[in-house]
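Biologist: I am new to this structure and would like the terms explained. Please begin with what counts as a pocket.

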Amino acid sequence: MIGARLESMLNGGPVFEPGSVWLVGAGPGDPGYLTVNAIRALHQADTILHDALIDDRILDLARPEAHRIFSGKRAGVHSIDQAALCARMIGLARSGQRVLRLKGGDPMIFGRGGEEMLRLAEAGIPFRIIPGVTAGLAAMAVASIPATLRDVNRAVVFATGHEAADTGETDWAALAMLGQPLVLYMALRRLNGIAHRLIAGGMPPETPLAVISSATRSDEDILISSLGTVAEDRRRHAIEPPAIVVIGEIVKTRERLLQVAPAFAGALV
Ligand SMILES: C[S@@+](CC[C@H](N)C(=O)[O-])C[C@H]1O[C@@H](n2cnc3c(N)ncnc32)[C@H](O)[C@@H]1O
């Protein structure tokens, strides 16, 4: 049973006006990482355009009469193209619907939320952004790897490993020179090549590396490796997407944790 304060919190907050679009982050997978505002959005929406990999337990928080439209990728291919998706969102809003665009993680990092926001603004559609817990931060947390640690790093880089036709290839040599941890999204398929380029750019092959797959989901999996051995380690320990790759000394914090508190071993994958 939920208490009166929690109930009033869930019932309060911003009102989802008819004719508007909310771009909402659903977090990394487990419904426990939803924000209160995301739950409020699900309670009020008329139509939900959702990505792949959104847990049914999250979608089931929507009103039963809400219309759900799958708008994600299947087998790496967008089910509908981005322009068509934006046109559909705009059309639904113009017809007076409360349109919820539900995305994995946070909508504004590697999720096309920025593009969708600009299209909505150009079309004069009122919108709101509801941030979510991004996979990079959630993956590090489940692996007991902090994003920053005072004696280790003063910055952290979030980058995509996906080479897009429109944005080109990341300058891996420049990232290698920063000496700060790299948190890579969509990097698993090209990881061996990326590791090779980082080493060629001056990053030591001994640099610790973690691959965290399906963070917060029941099939969560973690591989601890190094830049120089990751290709071989992946042959021994197959690890599947979706995954986050963390590269840098910060990964060693997991080992430090085990040294100071071996009892945590059971809590680590
Ligand atoms: C298109 S990006 C979307 C990122 C999303 N906007 C976010 O903030 O997490 C998809 C990538 O996010 C990462 N990802 C998403 N969910 C994940 C999870 N539960 N565990 C590990 N990586 C995940 C993977 O790198 C995947 O290829």
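Modeller: A pocket is an open set of grid points with protein on both sides within 12 Å along at least five of seven lines. This is a predicted model, and its second largest pocket holds about 170 Å³ of space.

Biologist: What makes a residue part of the lining of the second largest pocket?

Modeller: A lining residue has an atom within 4 Å of a point of the pocket. For the second largest pocket, 13 residues line the space, and those nearest its centre are Gly179, Gln180, Thr207, Gly248 and Glu249. The lining divides into six nonpolar, six polar and one charged. Gly counts as polar and Glu as charged, so Gly179 falls among the polar residues and Glu249 is the charged one.

Biologist: Which residues come nearest the ligand?

Modeller: There are 17 residues around the ligand, and Asp106, Ile109, Thr134, Ala135 and Ala243 come nearest. The shell is made up of 11 nonpolar, four polar and two charged residues. Asp counts as charged, so Asp106 is one of the two charged residues.

Biologist: Why is the pair between Thr134 and the ligand called a polar contact?

Modeller: The limit for a pair of N or O atoms is 3.5 Å. A polar side-chain atom of Thr134 lies 2.6 Å from an oxygen atom of the ligand, so the pair qualifies. A backbone N or O atom of Met186 also lies 2.8 Å from a ligand oxygen atom. Taken alone the ligand exposes 570 Å², and the protein buries 84% of that.

Biologist: Which domains supply the shell around the ligand?

Modeller: Domain 1 (4-130) and domain 2 (135-267) each give at least three residues to the shell. The C-alpha centres of domain 1 and domain 2 lie 29 Å apart.

Methods. Residues numbered from 1 in each chain as written. Predicted model: local features only at pLDDT ≥ 70, side-chain atom pairs only at ≥ 80, totals over all residues. Heavy atoms only, no water. Near = heavy atom within 4 Å. Polar contact = N/O pair within 3.5 Å; in protein donor to acceptor, adjacent residues only side chain to side chain. Areas by Shrake-Rupley, 256 points an atom, 1.4 Å probe, with all protein chains shown as cover. Domains from an automatic or database assignment. 1 Å grid on protein atoms, 1.4 Å probe; cavity = no way out; pocket = protein on both sides within 12 Å on 5 of 7 lines; lining within 4 Å. Points joined across faces, edges and corners; volume = space filled by probe spheres on them.
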